[in-house]
Amino acid sequence: MKLTIIGAYGPYPKAGGACSGYLIEWEGNKLLLDLGNGVLSKYLSLGHKAQDLTGIIISHLHADHMSDLLVLRYLLQIQLMNKTIKKGIPVYCPSTPTKFYNEINYKNVYEVNTITDKQEISLNGLNITFHKTNHPVECYLTSIKYKGKKFVYTGDTAYFKEIENIVDQSDMLLCEGGILDSQKTSTTPHLSSKEAAQIAQVSNVKSLILTHIYPENDIEDIFKEAKNYYSGNLKIATENTSYDI
Ligand SMILES: [Zn+2]
Ligand SMILES: [Zn+2]
C-alpha cells in the first residue's frame, strides 16, 4: 500500500493547504480517506482522476472531512451523463447528522454505504474494519489490513481507552494530533500531539504520522511535543508526500 497526504489541516486549512484527505493506493486501486475542502483540487493536480476511485471513506460528516464530496458529485454527475463512468463511486460514511447525509445521496453519483461500529468490509483485497471514536458527531476510525500490514487512520477523536487495543501493533498510524496539549480544554474533542504520541507508544506502533494540523501551529512545536512521548518513527503529515506501508 502507498499513502499520499493530499490535505493535512483541520478544522480549516492554511493558505494554499487543504483539510483532511488521504489517498491509499494498491494494485492499481485508489481509495480516498476523507474529502475535506481543497482535497479534490489537490487530488486532481497530482494527476489522479475522479473516475479512477475504487471508493471513498468518510470518517464523519464534519465539513473539514467531507465538504468536497459535495463538489465532486457535480463532476461525477457529468461523467455519468457522458458515460465516462457507468455507475456511482462507492462511498462509506456515517448516516448522521442527517442533513449532511441527505446531501450525499445525490442523483446516484455515489453508491452510499452506511458505516456502523465494528463493521468489517473487504475492498479489492483490503480488509477494513471501522470503530466508533469519541467525537461530537458519529465518527469512525478506519483500520486496514493488507498483505500482513496494518494501517490505521483515526479520523477525529478525543482520547478513549479502547483506541490503544484498536491501533495495537500498527505498521503505520495516521493519527489526529495537530494541537498542543496546552491548547486543549476539558471539552476539546481532539487529541493533542502528546496524547497521540502516548497512544502510539503504549500500542507499539511502528510509524506515527500526526495530522489534522491546526493551521496556526508551528510544525516543529507539534513534532517536539510528540517526540517526548514516542520513541518510534515520527512524522508530521505534509501535503503531497507519499509513504510506503
Ligand atoms: Zn476535523
Ligand atoms: Zn470533526
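The following paragraphs describe the nonpolar cores and a zinc site of this predicted model.

The largest nonpolar core contains 28 residues, and those touching the most other members are Met1, Leu3, Ile24, Leu31, Ile128 and Phe151. Eight strands each supply at least two residues of this core, namely S1 (2-7), S2 (21-26), S3 (29-33), S7 (120-123), S8 (126-132), S9 (140-146), S10 (149-153) and S11 (172-178). A second core, separate from this one, has 25 residues, among them Leu35, Ile58, Leu72 and Val91.

Leucine 31 may serve as an example of a residue in the largest core. When neighbours within four places in sequence are left aside, leucine 31 is in contact with Tyr22, Leu23, Ile24, Trp26, Gly55, Ile56, Ile57, Leu123, Leu126, Ile128 and Ile144.

Attention now turns to the metal. The zinc ion (ligand 2) is coordinated at 2.2 to 2.4 Å by NE2 of His60, ND1 of His62, NE2 of His135 and OD of Asp156. The spacing of these donor residues in sequence is H-x1-H-x72-H-x20-D. The arrangement of the four donor atoms is irregular because the angles they subtend run from 88 to 166°; to count as tetrahedral, all angles would have to lie between 85 and 135 degrees. Aspartate 156 also bridges this ion to the zinc ion (ligand 1), and 3.5 Å separates the two ions.

Distant parts of the chain are linked here: histidine 60 lies in the loop between strand S4 (55-57) and helix H2 (63-66), and histidine 135 lies in the loop between S8 and S9, 75 residues apart. Histidine 60 has a relative accessible area of 0% and is therefore buried. Histidine 135, with a value of 11%, is also buried, since the cut-off is under 20%.

How values were computed:
Residues numbered from 1 in each chain as written. Chains lettered and ligands numbered in written order. Predicted model: local features only at pLDDT ≥ 70, side-chain atom pairs only at ≥ 80, totals over all residues. Heavy atoms only, no water. Core = buried A, V, L, I, M, F, W, Y, C linked by side-chain atoms within 4.5 Å. Buried < 20%, exposed > 50% of the residue type's maximum accessible area, 1.4 Å probe, protein only. Helix = DSSP H or I, 4+ residues; strand = E, 2+ residues; numbered from the N terminus. Contact = heavy atoms within 4.5 Å. Donors = N, O, S within 2.8 Å, 3.2 Å for Na, K, Ca; no water. Tetrahedral: all angles 85-135°; square planar, octahedral: opposite > 155°, others 65-115°.
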